[in-house]
Structure formats: structure tokens, C-alpha cells
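Subject: Structure for your study, with notes on its features

Dear colleague,

Please find below the structure that I am handing over to you. My notes follow it and are meant to be read with the model open.

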Amino acid sequence: MTRTRDLGSVAAHLAVLALLAGDGDAAIETVDPVTLGEWVRDRKPNVRIIDARAAEEYEAYHIPTAELQDAELDSADVVVVYTDDDHSAIDVVRAIESRVAAVYVLEGGVFAWLDRVMTPHLPANPTAAEQREFERRKRVSEYFGGAPATYQESSGRPKTTDEAVKRLRKKTC
């Protein structure tokens, strides 16, 4: 069962990569979670974050300033769409891309936000580049009340948003 789930996950990720790369249509742009955090922190004009998950998931946890996908959008808006995974966001992007100035998919969705922004960690024996990237993530994390750690063994990726939020709350409370 686990192997089937892993293979399914690999197949889904490959499908997302193919869609993001484009197939003659305009490629879908992505933004990494730390850059999105910097945009929010720095109040980049017209940035709107759309949570395309179910309302219950939004209520359980959402990225600061995010709105549900039924929000009214303006043609000047720069929209970042996220879900639990990149693939689900693509349909929303296709539906709104002609109505806004620019639209992005948040790389890795809400899980990547929780991992890279809310709970970033510095690996053991970091290179200078890893140290610089950690400092960048740490500044953004602290702005959002996250819990950066200087070293942490990976405990595996959470399987649900609820599990990821519980881990975050353990670290920040």
C-alpha cells in the first residue's frame, strides 16, 4: 500500500512538473514560499493570496492575508494561488489568469509554507550558501511568528495540513 501511494505521489509530481513547464500554452509561473513571505512582509503592491482549498481547511490554517478562492479580483492584482499541492492549484490559475495582471502557483503549497517559512531549519554543518538562505528564511519566519531552528533532524513531511499545523503549534506555543 505504501509503495503504491509513493508511486502515485511520484506520478502526481511528474504531472505537475509537466503542467508547470507548459505544453505549448503559456507556462504557469511559480513563486517559492520565502519570496511570497517577503512580498507580504514588504507589502508588495496588489499582491493577493488565494487559498483554493476547502473552507474547512482554510479555517483550520491559512497563510496570513490569504482569501478563499471566491474573492473578487481586480485586473491589477498579482495573485498567488495555493492548495495542499501544486496540481490542484493549476485549475484555479487557468480560471483566473486572463482576469488579473499576473498569477503564480505557490511552490509546494501550504506544506512548503509551513516547512520553509513557519518552521525553517538549518542543517548540520551548513555551507555558506545554506547559512545565508537560512538567515533569509529566519527573518521571514520571525515576521510571521514562526519557529526557526538552527538544527533539526527531519521527522518526515506531514501527511495532512492538520498534522503540519499541530507540529507548528508545538514549536511556537
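I begin with a single residue. L114 has a relative accessible area of 3%, and it therefore counts as buried, since the cut-off is under 20%. The residue lies in helix α5. Its C-alpha atom is 7.6 Å from that of V165, although 51 residues separate L114 and V165 in sequence.

Please bear in mind that this is a predicted model. The mean pLDDT of the chain is 82, and 75% of the residues score at least 70. Confidence is lowest in helix α1 (residues 2–21), where the mean is 42, and highest in α2, where it reaches 98. The pLDDT is below 50 over residues 1–24, a stretch that makes 14 contacts in the model beyond near neighbours in sequence.

Overall organisation

The chain has seven helices and five strands. Read from the N terminus, its elements follow the order α-β-α-β-α-β-β-α-β-α-α-α. Of its 173 residues, 38% count as buried. If one takes the contacts between residues at least 6 apart in sequence, 64% of them join residues at least 24 apart.

The sheet

In what order do the five strands of the open sheet lie? The order is β1-β5-β4-β2-β3, and the pairing is parallel. β1 and β3 are the edge strands, each of which pairs on one side only. From one strand to the next, the twist averages 40 degrees.

Strand β2 is a useful place to study the pairing in detail. Its partner β4 runs parallel to it, with five bridges between the two. β2 also pairs in the parallel sense with β3 (residues 66–68), here over three bridges. I49 shows both pairings: it stands opposite V80 in β4 and opposite A66 in β3. You can then continue across the sheet from V80, which stands opposite Y104 in β5. The parallel strands β4 and β5 are joined by four bridges.

β2 is also mostly covered, as four of its five residues are buried. Within this strand you will find D51. Is D51 buried or exposed? Its relative accessibility is 0%, so D51 counts as buried. The side chain of D51 makes a polar contact of 2.8 Å with the side chain of R53. Beyond its neighbours within four places in sequence, D51 is in contact with several residues, including Y58, Y61, H62 and Y82. A66, E67, L68 and Q69 are also among the contacts of D51.

Helix α2

Helix α2 covers residues 33–41, and eight of its nine residues are buried. These buried residues are P33, V34, T35, L36, G37, E38, W39 and V40. What covers them? The covering elements include the strands β1 (29–31), β2 (47–51), β4 (78–82) and β5 (102–106), together with the helices α5 (109–118) and α6 (128–143).

Both ends of the helix have a feature that you may wish to locate. At the N-terminal end, D32 acts as a cap, with a side-chain oxygen 3.1 Å from the backbone nitrogen of V34. Just after α2, R43 has a positive phi of about 55 degrees.

The nonpolar cores

In soluble globular proteins, nonpolar side chains tend to be buried together. In this model, the largest nonpolar core contains 23 residues, and L36, L106 and W113 have the most contacts inside it. The elements that contribute two or more residues to this core are α2, β4, β5 and α5. Helix α5 gives the largest share, with five residues. Another core, of 15 residues, lies apart from the largest one; A89, V92, V93 and V103 are among its members.

When you open the model, I suggest that you start at I49 in the sheet and find V80 in β4 opposite to it. From there you may turn to α2, whose buried residues include L36, one of the residues with the most contacts inside the largest nonpolar core.

Yours sincerely,

A colleague

Terms used
Residues are numbered from 1 along each chain as its sequence is written. This is a predicted model: local features need pLDDT of at least 70, side-chain atom pairs count only at pLDDT 80 or more; totals for chains, interfaces and linings use all residues. Side-chain values use heavy atoms; hydrogens and water are left out. Buried means under 20% relative accessible area, exposed over 50%, partly exposed in between (1.4 Å probe, protein chains only). Contact means heavy atoms within 4.5 Å. A polar contact is a pair of N or O atoms within 3.5 Å; within protein, one must be able to donate a hydrogen and the other to accept it, and residues adjacent in sequence count only if both atoms are side-chain atoms. A nonpolar core is a set of buried Ala, Val, Leu, Ile, Met, Phe, Trp, Tyr and Cys residues joined through side-chain atoms within 4.5 Å. Two strands pair if DSSP finds at least two bridges between them. Axes are lines fitted to C-alpha atoms, for helices over the stretch in contact, and angles run from 0 to 180 degrees between N-to-C directions. pLDDT is the predictor's confidence in each residue, from 0 to 100.
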